[in-house]
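Got your viewer open? Here is a walk through this model, one selection at a time.

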Amino acid sequence: MLTANAFAATSATGPLGPITIERRDPGPHDVLIDIRYCGICHSDIHTVREEWGESHYPLAPGHEITGVVAQVGDAVTKHAVGDRVGVGCMVNSCRECANCLAGREQHCLNGFVGTYGSVDRDGTITQGGYSSQVVVNENFVLRIPEGLGLDVAAPLLCAGITTYSPLHHWGAGPGKRVAVVGLGGLGHMAVKIAHAMGAEVSVLSQSLKKMDDGLRLGADAYYATSDPDTFQKLAGSFDLIVNTVSAKVDLDAYLSLLAVDGTLVNVGAPGEPLALNVFSLIPRRRSFAGSMIGGIAETQQMLDFCAEHGLGAEIETIPAEKINEAYERVLSSDVRYRFVIDIATLAG
Ligand code: NAP
Ligand code: ZN
Ligand code: ZN
């Protein structure tokens, strides 16, 4: 067993603090990674605070991991010592069901193993990237392309793939009118990626406070959802809406903004149910959909796409001791646009 420094929650209500955790000795197919950076995803907060159900404590969150390979098992072929690598939301899956074989490990029929708070296939409970090292099967380790800094690449491992996947699936590109709801961690990557794909991009934010940033990131237009005129003015005008909001929203209001055959994809995952009126869908053959992260091959494709287009995340790098403060700032929509933990500050 290896001992790693980590920052973890010990309950749903208390602050996170430093602890040590154990990592398995690397097996033949494992890669030991010295973690350099880890992004703070809103999902970390939902999980720590048990907004999605019961959690196991201590819980070191973090699934936007980048670092450098420190050691590889004898049978590893995909990665070598010194490689710049990343780990996202999954560290394992059954690898034999139809979805795993099709590269959709996020839909593994036997349940994928999440990077933290999941029971791994050996029975241990996974711990995430707010830690100095992690041991991961080589098939769940991504290559970080040259040209992407490990700090700005970290948020791509969740925020990047979670937005790239639905944008790609629903055909964001030239001639498509795409709206992104919420300009936070996921939202700002959705804007950058949709713009790079060639779509016409609008941001729907609670206010116009971040408008300059939104336009700089690649949006063509920016609207405040607190202004009721916005919903009048934009009725029926989008082909695709990606909702990244972490809280309950009025789905019927957003569905009214879709054109014929348009789709509203929810990637935001509030703990409470959302309701909708079917008459928001029926008249214009609209769809309401969900999307969860993306497969491993698709995640590599997204990283390569981002490197090719020079897309990293907009980040604020923080030391571990600022994690609790960062959580409060995320909760008050005061994030521009992803907090990334400098893992060197975890050294014991
Ligand atoms: P985030 O950085 O906190 O961004 C969410 C944004 O939503 C905020 O910046 C804010 O943008 C807007 N917002 C927040 N509260 C709101 C409210 N009450 N009403 C209207 N708008 C509000 O969070 P994130 O890390 O991007 O994650 C967003 C959600 O996606 C979370 O629920 C997370 O768990 C989920 N998620 C899902 C997946 C998946 O696979 N589906 C993967 C990762 C994360 P404005 O200030 O611009 O309004
Ligand atoms: Zn995430
Ligand atoms: Zn499977």
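The stops below run from the whole fold to the metal sites, then to a strand and a few unusual backbone spots.

**Stop 1: the whole chain**

Before zooming in, keep in mind that this is a predicted model. Show the protein as a cartoon and you should find 10 helices and 17 strands. The radius of gyration is 20 Å, close to the 20 Å that the globule rule gives for 348 residues, so the protein is as compact as a globular protein of that length. Line the view up with the principal axes, and the C-alpha trace spans about 60 × 40 × 35 Å. Colour by accessibility next: buried residues account for 56% of the 348.

**Stop 2: the zinc ion (ligand 3)**

Select ligand 3, a zinc ion, and show the side chains that bind it. Which residues are the protein donors here? They are Cys-94, Cys-97, Cys-100 and Cys-108, each giving its SG, at 2.3 to 2.4 Å from the zinc. Along the sequence these donor residues follow the spacing C-x2-C-x2-C-x7-C.

Now check the angles. Among the 4 donor atoms they run from 103 to 120°, and the site is tetrahedral. For reference, the ideal angle for four tetrahedral donors is 109.5 degrees.

Are Cys-94 and its neighbours buried or exposed? Cys-94 has a relative accessible area of 9%, so it falls under the 20% cut-off and is buried. Cys-97 is buried too, with a relative accessible area of 8%, and Cys-100 also counts as buried, at 8% relative accessibility.

**Stop 3: the zinc ion (ligand 2)**

Move on to ligand 2, another zinc ion. Its protein donors are Cys-41 (SG), His-63 (NE2) and Cys-158 (SG), lying 2.0 to 2.2 Å from the metal. The spacing of these donors along the chain is C-x21-H-x94-C. Cys-41 and His-63 link distant parts of the chain: Cys-41 sits in the loop between E3 and H1, and His-63 in the loop between H1 and E4, 22 residues apart. Both Cys-41 and His-63 are buried.

**Stop 4: the cysteines and disulfides**

With several cysteines on screen, how many disulfides does a search of the whole structure find? The count is 0. Pick Cys-89 as a test case: it is in no disulfide, and its nearest cysteine sulfur, that of Cys-158, is 3.6 Å away. That distance lies outside the 2.5 Å within which a pair of cysteine sulfur atoms counts as a disulfide. Cys-89 is buried as well, at 11% relative accessibility.

**Stop 5: strand E17 and its partners**

Select residues 338-342, which form strand E17. This strand is mostly covered, with 4 of its 5 residues buried.

Which strands pair with E17, and in what sense? On the antiparallel side of the story is strand E3 (residues 30-39), which pairs with E17 over 3 bridges. To see the register, label Gly-39, which stands opposite Val-340 in E17. Strand E16 (residues 315-318) pairs with E17 in the parallel sense, over 4 bridges. Here the residues to label are Ile-315 and, opposite it in E17, Arg-338.

Add helix H10 (323-331) to the selection. Together, E16, H10 and E17 make a right-handed β-α-β unit.

**Stop 6: cis peptide bonds**

Staying by E17, go to Tyr-337, in the loop between H10 and E17. The peptide bond leading into Tyr-337 from Arg-336 is cis, with omega near -10°.

For another cis bond, jump to Tyr-57 and Pro-58, where omega is about -5°. Pro-58 is found in the loop between helix H1 (42-48) and strand E4 (65-72).

Why stop at these spots? Because most peptide bonds are trans, and most residues other than glycine have a negative phi.

**Stop 7: positive phi**

That leads to Glu-50, also in the loop between H1 and E4. Its phi is near 55°, a positive value in a residue other than glycine. Glu-50 counts as partly exposed, at 31% relative accessibility.

Finish at Arg-285, in the loop between strand E14 (258-266) and strand E15 (287-290). Phi is positive here too, near 50°. With a relative accessible area of 58%, Arg-285 is exposed.

Conventions: Residues are numbered from 1 along each chain as its sequence is written. Chains are lettered from A and ligands numbered from 1 in the order in which they are written. This is a predicted model: local features need pLDDT of at least 70, side-chain atom pairs count only at pLDDT 80 or more; totals for chains, interfaces and linings use all residues. Side-chain values use heavy atoms; hydrogens and water are left out. Donors are N, O and S atoms within 2.8 Å of the metal (3.2 Å for Na, K and Ca); water is not among the atoms, so sites may look incomplete. Four donors count as tetrahedral if all angles lie between 85 and 135 degrees; four count as square planar and six as octahedral if opposite donors are over 155 degrees apart and all others between 65 and 115; anything else is irregular. Buried means under 20% relative accessible area, exposed over 50%, partly exposed in between (1.4 Å probe, protein chains only). Helices (H or I, at least four residues) and strands (E, at least two) are DSSP runs, numbered from the N terminus. Two strands pair if DSSP finds at least two bridges between them. A crossover is right-handed if, with the strands pointing away from the viewer, the path from the first strand over the helix to the second runs clockwise. The radius of gyration is taken over C-alpha atoms; the globule rule is 2.2 Å times the number of residues to the power 0.38.
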